[in-house]
Amino acid sequence: MSAEPAAEDTFTCASLSFDYSQVSHSVVESLPASAISIHQSSDHLITHADREPISLRLVSVLGEVVLARNANQDLDIDLSLLPPGVYFAEVICGGQREVRRIIR
């Protein structure tokens, strides 16, 4: 019996090179600092935004919206009211979006 070669998902090409001169280093530097701060404890999810209104959606693992709130700067969500399960908190502030997984 002859052994079959193992399938590989990595291919090498010695002559392949990339031209990074077209990539601007200022792109990363020009991104604004995060305007959203999210703090999670065992029973609270607290969000704060420096300048923009906050929109928060709490979604179950099945995709159903459990809670939706909007605020000017601060939101404090009491997580102890949720039944046990896995949830995702989507926080949108201006052009920024952050998602956090919550396990109850």
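Hi everyone, let's start at a turn: strands E6 and E7 form a hairpin with two residues between them, and Gly94 in that turn has a positive phi of about 60°. Before I go on, please keep in mind that this is a predicted model.

So how do the two arms of the hairpin pair? E6 covers residues 86-93 and E7 covers residues 96-103, and they run antiparallel, joined over eight bridges. If you'd like to follow along on the screen, find Val86, which sits opposite Ile103 in E7. Then look for Val91, whose opposite residue in E7 is Glu98.

Now let's zoom out. The hairpin belongs to an open sheet of four strands, in the order E4-E3-E6-E7, with antiparallel pairing. Strand E4, residues 65-71, and E7 are at the edges with a single partner strand each, so one side of each has no neighbour in the sheet. On average, neighbouring strands here are turned by 15° against each other, ignoring direction.

Next, the core. Which residues of the largest nonpolar core touch the most other members? Out of its 18 residues, they are Leu45, Leu56, Leu58, Ile77, Leu79, Val91 and Ile102. At least two core residues come from each of E1 (36-40), E2 (44-49), E3 (54-60), E4, E5 (74-78) and E6. E6 is the biggest contributor, with four residues.

Let me finish with Leu45. Leaving aside residues up to four places away in sequence, its contacts include Ile38, Leu56, Leu75, Ile77, Leu79, Ala89 and Ile102. Leu45 also touches His39, Gln40 and Asp76. Thanks for listening!

Key
Residues numbered from 1 in each chain as written. Predicted model: local features only at pLDDT ≥ 70, side-chain atom pairs only at ≥ 80, totals over all residues. Heavy atoms only, no water. Pairing = 2+ DSSP bridges. Axes fitted to C-alpha atoms, helices over the stretch in contact; angles between N-to-C directions. Core = buried A, V, L, I, M, F, W, Y, C linked by side-chain atoms within 4.5 Å. Buried < 20%, exposed > 50% of the residue type's maximum accessible area, 1.4 Å probe, protein only. Contact = heavy atoms within 4.5 Å.
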